[in-house]
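Let's take a short walk through this structure together. Have the viewer ready, and we will go from the sheet to a single residue.

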Amino acid sequence: MTRDESFPAVSDALRSARSIGELLELITEKARELVGTHQATTSVVFGADWTKAVHAVSLSDKYGAWRAYDERPDGSGIYRLVCQLGRPIRLTQGELEAHPAWRGFGAAAERHPPMRGWLAVPLTGRGGRNIGVIQLSDKYDGDFSAKDEAALVELARLASVAFQETRRSARAQRRRGAIEGHLRSAKQIEGRGA
């Protein structure tokens, strides 16, 4: 299956997600499969508070020893540049290690899976506001290419739309539940008054 053939299937799969968590898992797995990498992470933050961010990680068997790794993003890593600039960043391993924003995983350095090159693209919400980032590392073959970046940008576009639809659907469902609850309460009150 070519990348062009896979996007309609990915779009359908994203629309089938029933929650933000399920959507995150799906996006992260699809990003890793689409580009062909050993590591993928998707982080989403609605608002500016990275302590409330949710994220998903997908690792190949090569990184099986790190499957339990669950360090929460705090908005201070190199990925913050992608969020701030609102554009993709693609780096070889050497470029990553030489980048002034690279911190070598900070306090999590001993627990974090090693990275081998890096490709990250922003997720955007309404009005182009940043809502998160998709990150890939350790491509199966060679360094990340412009084609890889273009594919991940397209996936991020689809993911951003899916996040908006999932949030809109969840809000509508909560409103329906609240209205139904009010109607039940009104009927109970009405029934007692009869």
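What follows looks at the sheet and then at one serine, in a model that is predicted.

A good place to begin is the sheet. Five strands make up an open sheet, in the order S2-S1-S5-S4-S3, and their pairing is antiparallel. At its edges stand S2 and strand S3 (89-91); each has a single partner strand, so one side of each is left without a neighbour in the sheet. Going from one strand to the next, you will find a twist that averages 10 degrees.

Now turn to one of the pairings. Strand S1, residues 37-44, and strand S5, residues 130-139, run antiparallel and are joined by seven bridges. If you would like a specific pair to display, pick Thr-42, whose bridge partner in S5 is Ile-134.

From there, let's move to Ser-60. This residue sits in the loop that connects strand S2 (54-59) with helix H3 (79-85). Is Ser-60 buried or exposed? Its relative accessibility is 8%, and because buried means under 20%, Ser-60 counts as buried.

Which residues is Ser-60 in contact with, leaving aside its neighbours within four places in sequence? They are Arg-32, His-38 and Arg-67. With His-38 there is also a polar contact: the side chains of Ser-60 and His-38 are joined at 2.6 Å. His-38 falls within the residue range of strand S1 (residues 37-44).

One last distance to check in your viewer is the one from Ser-60 to Gly-36: their C-alpha atoms are 9.9 Å apart in space, while in sequence the two residues are 24 residues apart.

Methods: Residues numbered from 1 in each chain as written. Predicted model: local features only at pLDDT ≥ 70, side-chain atom pairs only at ≥ 80, totals over all residues. Heavy atoms only, no water. Helix = DSSP H or I, 4+ residues; strand = E, 2+ residues; numbered from the N terminus. Buried < 20%, exposed > 50% of the residue type's maximum accessible area, 1.4 Å probe, protein only. Contact = heavy atoms within 4.5 Å. Polar contact = N/O pair within 3.5 Å; in protein donor to acceptor, adjacent residues only side chain to side chain. Pairing = 2+ DSSP bridges. Axes fitted to C-alpha atoms, helices over the stretch in contact; angles between N-to-C directions.
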